[in-house]
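Please open the structure in your viewer and keep the sequence panel visible beside it. The tour below proposes a series of selections and states what is to be found at each.

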Amino acid sequence: MGKPSVYKLELTGGRPRERRVVISDFVNYREPVRPETCREAVDLAERLLPATPGVTRAVVLVTDPAQLALWRSLLTGTEPTSAAPVVLRKHDHRSLRGWAQRINMFHTEDRLDRLHELTGGWPLLVDRAHRLHEELGDPDEVLRRLADLRADRAEARAFAEVTGVYADPLRRD
């Protein structure tokens with residue numbers, strides 16, 4: 001949603017027996033989004049219900065690490081809300097195996113174990129392994145390069161910045 005007025009209309013709209021999902025993606029805004037704006041979106045979603053009986057809707061707010069302060073207060077219960085944050089998760093060993101089977105890479109159990117160990121299941125690193133595999137065509141060389149990346153301090157810092165660790169003032173200091 002680009003404008004608050006459109007968001008409000010979508011929150012209250014719909015036809016009977018219609019299941020709706022209203023998505024507001026704060027990550028793709030041109031200007032940085034203030035945490036207060038996200039909090040207001042949560043409040044509006046709780047307060048503005050569909051005007052027509054029989055409409056079912058869910059509201060999804062997509063945010064990034066810049067909004068950690070908002071989610072911390074919601075997750076710790078310091079502010080009352082019915083919002084239920086869903087954190088996108090890393091791959092576990094099972095989901096990584098499914099990913100490897102789908103893309104037809106890292107076939108052996110040893111390679112999968114090593115891939116999981118080197119990436120920690122982080123999608124960013126798994127995607128990097130995928131790109132390296134497409135480039136090199138050799139899963140063992142990919143694993144060697146991933147191991148080298150882990151030892152590179154500049155790469156480690158870049159990874160921490162991308163994951164949002166440094167956006168959190170409690171973790172940054």
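The stops that follow go from the whole chain to its helix pairs, its cores and some single residues.

**The whole chain**

Begin with the entire protein chain, bearing in mind that this is a predicted model. Colouring by secondary structure should show 9 helices and 2 strands. Read from the N terminus, the elements follow the order α-β-α-β-α-α-α-α-α-α-α. The chain has 173 residues, of which 25% count as buried. Among contacts with a separation of 6 or more, 64% join residues that are 24 or more positions apart.

**Helices H1 and H2**

Select H1 together with helix H2, residues 35-47. The two axes come within 9 Å and cross at roughly 30°. H1 is therefore roughly parallel to H2, as angles under 35 degrees count as roughly parallel. The crossing of this pair is right-handed. To see where the helices meet, display Tyr7, Lys8 and Leu11 of H1 with Ala41, Leu44 and Ala45 of H2. The residues of this contact comprise 5 nonpolar, no polar and 1 charged.

**Arginine 17 and threonine 52**

Move next to arginine 17, in the loop that lies between helix H1 (4-12) and strand S1 (19-25). Although arginine 17 is not a glycine, its phi is positive, at about 65°. Is arginine 17 buried or exposed? Its relative accessibility is 75%, so arginine 17 counts as exposed.

Now add threonine 52, which belongs to the loop between H2 and strand S2 (56-62). Threonine 52 and arginine 17 are 35 residues apart along the chain, and 9.7 Å separates their C-alpha atoms. With a relative accessible area of 28%, threonine 52 is partly exposed. Apart from neighbours within four places in sequence, threonine 52 is in contact with Gly14 and Pro16.

**Threonine 81**

Select threonine 81 in the loop between helix H3 (68-76) and H4. This residue is partly exposed, its relative accessible area being 27%. A distance drawn from the C-alpha of threonine 81 to that of valine 42 should read 8.2 Å, for a pair 39 residues apart in sequence. Valine 42 is one of the contacts of threonine 81 beyond four places in sequence; the others are Arg39, Glu46 and Leu74.

**The nonpolar cores**

In soluble globular proteins, nonpolar side chains tend to be buried together. For the largest nonpolar core here, which has 14 residues, display Trp99, Phe106, Leu115, Ala129, Val142, Leu143 and Leu146, the members that touch the most other members. Four elements give two or more residues to this core: helix H4 (93-103), helix H5 (109-119), helix H6 (123-136) and helix H7 (139-150). A second, separate core has 13 residues, among them Val22, Val33, Leu44 and Trp71.

Return to the largest core and centre the view on tryptophan 99. Which residues does tryptophan 99 touch, not counting those up to four places away in sequence? They are His91, Phe106, Leu115, Val126 and His130.

**Phenylalanine 106 and histidine 133**

Phenylalanine 106, found in the loop between H4 and H5, is the next selection. It is another residue that is not a glycine and yet has a positive phi, here about 55°. Its relative accessible area is 1%, so phenylalanine 106 is buried, the cut-off being under 20%.

From there, go to histidine 133 in helix H6. Histidine 133 is also buried, with a relative accessible area of 14%. Leaving aside neighbours within four places in sequence, its contacts are Met105, Phe106, Asp138, Pro139 and Val142.

**Helices H5 and H7**

The last stop is the pair H5 and H7, whose axes come within 10 Å and cross at roughly 20°. The two helices are therefore roughly parallel to each other. Their crossing is left-handed. On the H5 side, show Arg111, Arg114, Leu115, Glu117, Leu118 and Thr119; on the H7 side, show Pro139, Asp140, Leu143, Leu146, Ala147 and Arg150. The residues of this contact divide into 6 nonpolar, 1 polar and 5 charged. Leu115, Leu143 and Leu146, shown in this contact, are also among the residues that touch the most other members of the largest core.

Definitions and conventions: Residues are numbered from 1 along each chain as its sequence is written. This is a predicted model: local features need pLDDT of at least 70, side-chain atom pairs count only at pLDDT 80 or more; totals for chains, interfaces and linings use all residues. Side-chain values use heavy atoms; hydrogens and water are left out. A nonpolar core is a set of buried Ala, Val, Leu, Ile, Met, Phe, Trp, Tyr and Cys residues joined through side-chain atoms within 4.5 Å. Buried means under 20% relative accessible area, exposed over 50%, partly exposed in between (1.4 Å probe, protein chains only). Contact means heavy atoms within 4.5 Å. Axes are lines fitted to C-alpha atoms, for helices over the stretch in contact, and angles run from 0 to 180 degrees between N-to-C directions. Angles under 35 degrees count as roughly parallel, over 145 as roughly antiparallel, 65 to 115 as roughly perpendicular and the rest as oblique. A crossing is left-handed if the near helix is turned anticlockwise from the far one by less than a right angle, and right-handed if clockwise. Ala, Val, Leu, Ile, Met, Phe, Trp, Tyr, Cys and Pro count as nonpolar, Asp, Glu, Lys and Arg as charged, and the others, Gly among them, as polar.
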